[in-house]
Amino acid sequence: MVTYVWVEIVMLASLANRPSHGYELRQRVEQSLGTTLSNNSLYPTLRRFTEAGAVTRTPQAQQGRPTRHVYEVTPVGLEMLHDMLAELPDELAADQGEFMARLANFDRLAVDERLAVLDARARALLARVARNDELVAGIEPDGWTRVVLDEVVRRTHTELRWLDTLRVRATSPLGGLT
């Protein structure tokens, strides 16, 4: 079973930018992901982070309302975040969310770490092209399945070209974002 870490990356990166209570963190994570994050994902992850010493949980009293808890990343959490960002295992590299979560935080990585993430993604995309080329060979040229596979191959090649431009930006001292 593959365990995806991109949500954890986005949560820790958000907390590294600013301590937050759960609802605020969920809103920021959802905004950065463009999708919804359920409390069933948010709070168990925060509990695991707290137990691992990656975040602290501080109660904050509110007048006339229940106490809320503010979560703040610790040095252990920053190290954990760095390790998750710098490593993109081959079994996760094909997942767009995994790659994009790391790419969005390239400012936290050294040049060689950025390049390793880009290399892992490129390997995954090249494997996808090879699989699709095999599939295309056995499909009628005028069928809808062929139309879909041709588009998947086109998009994959487009992303491979984009990775080449990212590689140039990733090697500049400021990540090429000046």
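Me: At the start of H6, which residue has a side-chain oxygen that reaches to the backbone nitrogen of Gly-97?
Reply: Happy to look, keeping in mind that this is a predicted model. The contact sits at the start of H6 and comes within 3.0 Å of the Gly-97 backbone nitrogen. The side-chain oxygen belongs to Asp-95.

Me: Thanks! Which residues of H6 are buried?
Reply: H6 spans residues 96-103. Its buried residues pack against helix H1 (6-17), helix H4 (75-86), helix H5 (90-93), H7 and H8. The buried ones are Glu-98, Phe-99, Ala-101, Arg-102 and Leu-103.

Me: Two of those names carry charge. How far apart are the closest N and O atoms of Arg-102 and Glu-98?
Reply: Both residues lie in helix H6, four residues apart, which is about one turn of the helix. Both are buried as well. Side chains of opposite charge can pair when their charged atoms come close. Here they form a salt bridge, and the closest N and O atoms are 2.7 Å apart.

Me: Which residue forms a salt bridge with Asp-150?
Reply: Look within helix H8 (residues 144-170), where Asp-150 and its partner are four residues apart, about one turn of the helix. Asp-150 is partly exposed, with a relative accessible area of 36%. The closest N and O atoms of the pair are 3.0 Å apart, and the partner is Arg-146.

Me: Are Arg-18 and Glu-24 buried or exposed, or something in between?
Reply: Their side chains meet in a salt bridge at 3.2 Å, N to O. Arg-18 has a relative accessible area of 41%, and Glu-24 has 21%. Buried would require a value under 20% and exposed one over 50%, so both residues fall in between. Arg-18 and Glu-24 are therefore partly exposed.

Me: Which residue is linked with Arg-18 and Glu-24 in a network of salt bridges?
Reply: A search of the whole structure finds eleven salt bridges, and the Arg-18 to Glu-24 pair is one of the salt bridges in the model. That pair belongs to a network with another residue, Arg-28.

Me: Moving on to the nonpolar side, which residues touch the most other members of the largest nonpolar core?
Reply: In soluble globular proteins, nonpolar side chains tend to be buried together. The largest nonpolar core has 39 residues, and the two that touch the most other members are Phe-99 and Leu-163. As for the helix that gives the most to this core, with seven residues, that is H7.

Me: What is the relative accessible area of Leu-118?
Reply: Leu-118 is found in helix H7 (residues 111-137). Leaving aside neighbours within four places in sequence, Leu-118 is in contact with Phe-99, Phe-106, Leu-163, Leu-166, Arg-167 and Ala-170. Phe-99 in turn has contacts that include Leu-88, Val-117 and Trp-162. Leu-118 is buried, and its relative accessible area is 0%.

Me: What separates the C-alpha atoms of Leu-118 and Arg-108?
Reply: The two residues are ten apart along the chain. The separation between their C-alpha atoms is 15 Å.

Me: Last one: which residue's backbone oxygen lies 2.7 Å from a polar atom of the side chain of Thr-45?
Reply: Thr-45 is found in helix H3 (residues 39-51) and is buried, with a relative accessible area of 6%. Beyond four places in sequence, Thr-45 touches Glu-8 and Met-11. The backbone oxygen 2.7 Å from the Thr-45 side chain comes from Ser-41.

Technical notes: Residues are numbered from 1 along each chain as its sequence is written. This is a predicted model: local features need pLDDT of at least 70, side-chain atom pairs count only at pLDDT 80 or more; totals for chains, interfaces and linings use all residues. Side-chain values use heavy atoms; hydrogens and water are left out. A salt bridge is a side-chain nitrogen of Lys or Arg within 4 Å of a carboxyl oxygen of Asp or Glu. Buried means under 20% relative accessible area, exposed over 50%, partly exposed in between (1.4 Å probe, protein chains only). Helices (H or I, at least four residues) and strands (E, at least two) are DSSP runs, numbered from the N terminus. A polar contact is a pair of N or O atoms within 3.5 Å; within protein, one must be able to donate a hydrogen and the other to accept it, and residues adjacent in sequence count only if both atoms are side-chain atoms. Contact means heavy atoms within 4.5 Å. A nonpolar core is a set of buried Ala, Val, Leu, Ile, Met, Phe, Trp, Tyr and Cys residues joined through side-chain atoms within 4.5 Å.
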